[in-house]
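Work through these exercises with the model open in front of you. Try each task before you read its solution.

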Amino acid sequence: METNPANSPRPCPICGKLPTPQNRPFCSTRCAGIDLGRWLKGNYRIPTEEAPDEGDGDES
Ligand SMILES: [Zn+2]
């Protein structure tokens, strides 16, 4: 059995399917979008140190 490391595409990180050349490393634009969404959610959560002084919509 021959080993060809160049011909070992990583599976889609989202669903594990083989990626397509158009959407590498994802298998589809959908999976690419899912990954992008995860990435944005994970990195867009910038902790705001600014504490709101005025209770905006405070229900108590
Ligand atoms: Zn996929």
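**Exercise 1. How many of the 15 residues of helix 1 are buried?**

Solution. This is a predicted model. Start with the helix itself. Helix 1 covers residues 29–43. Now count its buried residues: the answer is one, so helix 1 is hardly covered. Then widen the view to the protein chain. Of its 60 residues, 7% count as buried. The secondary structure of the chain comes to one helix and zero strands.

**Exercise 2. Work out what span helix 1 should have, and test it against the model.**

Solution. Step one: take 1.5 Å times one less than the number of residues. Step two: apply this to the 15 residues of helix 1, which gives an expected span of 21 Å. Step three: check the end C-alpha atoms. They are 21 Å apart, so the model agrees with the expected value.

**Exercise 3. Is Phe26 buried or exposed? Find its contacts as well.**

Solution. First place the residue. Phe26 sits in the segment before helix 1. Next, apply the cut-off: a residue is buried if 20 or more other C-beta atoms lie within 10 Å of its own. Phe26 has 22 C-beta neighbours inside 10 Å, so it counts as buried. Now list the contacts, leaving aside neighbours within four places in sequence. They are Cys12, Ile14, Pro19, Cys31, Ala32 and Asp35. Finally, look at Cys12. Phe26 and Cys12 are 14 residues apart along the chain, yet their C-alpha atoms are separated by 4.6 Å.

**Exercise 4. Classify Cys15 as buried or exposed, and name its contacts.**

Solution. Cys15 also belongs to the segment before helix 1. The cut-off for exposed is 12 or fewer other C-beta atoms within 10 Å. Cys15 has 12, so it is exposed. Beyond four places in sequence, Cys15 is in contact with Cys27 and Cys31. The C-alpha atoms of Cys15 and Cys27 are separated by 8.1 Å, and the two residues lie twelve apart along the chain.

**Exercise 5. Which form does the peptide bond from Arg24 to Pro25 take, and what does Pro13 touch?**

Solution. Take the bond first. The peptide bond from Arg24 to Pro25 is cis, with omega near 0°. For background, most peptide bonds are trans. Pro25 is in the segment before helix 1, and Pro13 lies in that segment too. Pro13 has 15 other C-beta atoms within 10 Å, so it is partly exposed. Not counting residues up to four places away in sequence, Pro13 touches Pro25 and Asp35. The C-alpha atoms of Pro13 and Pro25 are separated by 7.6 Å.

How values were computed:
Residues are numbered from 1 along each chain as its sequence is written. This is a predicted model: local features need pLDDT of at least 70, side-chain atom pairs count only at pLDDT 80 or more; totals for chains, interfaces and linings use all residues. Helices (H or I, at least four residues) and strands (E, at least two) are DSSP runs, numbered from the N terminus. Two residues are in contact if their C-beta atoms, placed from the backbone, lie within 7 Å.
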